[in-house]
Amino acid sequence: MIKQIFGKLPRKPSKSSHNDSNGDGGVHDNSSLNSALGPNSLNNSKPGSASSKPSNSSRSNNGPLNSHSSTSNKSNHGKKTASLASQAGPISASGVYEALPSFRDVPSSEKQNLFLKKLSLCYVVFDFSDPSKNLREKEIKRQTLLELVDYISSVSSKFNEVAMQEVTRMVAANLFRTFPSPNHDSKILEMYDMEDEEPAMDPAWPHLQIVYELLLRFVVSPETDAKLAKRYVDHPFVLKLLDLFDSDDQREREYLKTILHRIYGKFMVHRPFIRKAINNIFYRFIFETEKHNGIAELLEILGSIINGFALPLKEEHKLFLVRALIPLHKPKCVSMYHQQLSYCITQFVEKDFKLADTVIRGLLKYWPVTNSSKEVMFLGELEEVLEATQTAEFQRCMVPLFRQIGRCLNSLHFQVAERALFLWNNDHIRNLITQNRTVILPIIFPALERNTRGHWNPAVQSLTLNVRKIFSDADQAIFDECLARYQEDEAKQKELQEKRELTWKRLEDVAASKVVSNEAVMVSKSISSIAIDKSTAPKATA
């Protein structure tokens, strides 16, 4: 009786394999593909590895029996990973790099396992510093990567955990690397100007581009379940991606920008971590290295993220503005990313107009002193911020703001003076200034008058006359009052200058009279009192 029972047991595997062939194809692919592609891989392997391959294949045949039970998921995962390791083994052991069959040449039930084998084949990274080396193997890998991209784009079933793990492992093996550069550890780069440098081209780009495209297709694919994929597209993976933004190759940074933005949109659980990691890159760039190639791309991603912030803004986002975005105006190479930075700043002001005062005072804090081209950029950004500023916030910062604008009006660099005068061409800004003319006009009137009387550039003089006319048309009484005060101050300054010159003349005369003898020069009370009056008079006037 017992012998009869034992005699019936071997029949069960045939039934289960029959059921698997009629039912789910996702897990069954491992067994069927091992049996179908086993000879192809064995032909190029050593006898020892050939004898071990069937045993792995037989294990994978037994794997699908309990594929739907929760108790055997971990064992299946381990068996599949071990199977992949054995598939990649013959390549490294024999040193032969052979192409695998195309997806079109295998049945649908075997495509899943072929997908995993092709991913294993792409783990090998070739040296592109020598163009004549491994030409055949490089072409095989390139064609394999293209097939993988097509498969991910056209797959109609959900990716399982093994596929997700192998995709991320292959991507990590090909993409994650360090960039050798002598400038990365220097704190201050003298005369740093990336615009004068030739764009760097990575020689491995023919393969890197396809790997980036594969990762992008994998992230955006509807068959990629974010709840499962987040175990493999995890925090270390995201950090490694962020490190790649320092690449010298513009093409690589563009791909990274798109991929990171898609990851931010799909994996909501990673969003706070991604923002914090970008913050840390900014902090190191601002306060330590002042060298990073991907600041513009990171800011472009943040511009889209900021645009989606819900209102009212969280305190975390406001701190990000104050601690990271505004200090980004400090580095010398701000021109390389200023357009993206200005967009992010403007997005914050448009989201919450109360932040305008904070932003404007931050700009004034980092306002350039000797860099005229940077000053022109600041004036352009200031115009965009003022355009989104309301009256109450404008009134809080208008006094220090127009003191700085007054200095810009008198700049000897005509582009700075011209850009400052262009602020009056903006209707919203002109209305804000006109409404607060009683405070603003006395601050900038001396600068306007000096431009009118003595600026070397005719265009600046013409624009200054237009601004004077705007103020005189708006309120002639205040304009006349400011003009009278300016003329009075000018007369006082002239008088003080004459006294100063007279004092120096008397000192020179006294010194000349004593030049023959060795006697010390004594300054009379009247001369010393005049000198003291002269030294104290400007302070009192001020």
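## Helix α13

How far apart are the end C-alpha atoms of helix α13? They lie 26 Å apart, which agrees with the 27 Å that its 19 residues (271-289) should span at 1.5 Å a residue; the expected span is 1.5 Å times one less than the number of residues. Helices here are DSSP runs (H or I, at least four residues), numbered from the N terminus.

A quick note before going on: this is a predicted model, where local features need pLDDT of at least 70 and side-chain atom pairs count only at pLDDT 80 or more, while totals for chains, interfaces and linings use all residues. Residues are numbered from 1 along each chain as its sequence is written, and side-chain values use heavy atoms, with hydrogens and water left out.

Plenty to look at in α13: its buried residues include I274, I278, I281, F282 and F285, where buried means under 20% relative accessible area with a 1.4 Å probe, protein chains only. Among the elements covering them are α11 (235-243), α12 (250-266), α14 (295-307) and α15 (315-325). Just after the helix comes E290, with a positive phi near 55°.

## Aromatic pairs

F285 of α13 also pairs up with Y337, edge-to-face, at 5.8 Å centre to centre and 75° between the planes. Rings of Phe, Tyr and Trp (its six-membered ring) pair if their centres lie within 6.5 Å, and planes over 60 degrees apart count as edge-to-face. Y337 sits in the loop between α15 and α16 (338-351), 52 residues from F285. F285 is buried at 1% relative accessible area, and Y337 is buried at 3%.

F394 and F402 make another edge-to-face pair, 6.0 Å centre to centre with 80° between the planes. F394 has a relative accessible area of 0%, and F402 has 1%, so F402 counts as buried. The count comes to 18 aromatic pairs.

## Helices α17 and α18

Helix α17 (356-365) packs against helix α18 (372-387) at about 170°, with the axes 10 Å apart. That makes the two roughly antiparallel, a label for angles over 145 degrees. On the α17 side, V359, I360 and L363 make the contact, and they meet F378, E381, L382, V385 and L386 of α18; contact means heavy atoms within 4.5 Å.

## N451

N451 belongs to helix α22 (437-454) and, at 2% relative accessibility, counts as buried. Leaving aside neighbours within four places in sequence, N451 touches L409, N410, V460, Q461 and T464. Its C-alpha atom is 9.4 Å from that of S411, 40 residues away along the chain.

Key: Buried < 20%, exposed > 50% of the residue type's maximum accessible area, 1.4 Å probe, protein only. Axes fitted to C-alpha atoms, helices over the stretch in contact; angles between N-to-C directions. Parallel < 35°, antiparallel > 145°, perpendicular 65-115°, else oblique. Phe/Tyr/Trp six-rings, centres within 6.5 Å; stacked < 30°, edge-to-face > 60°.
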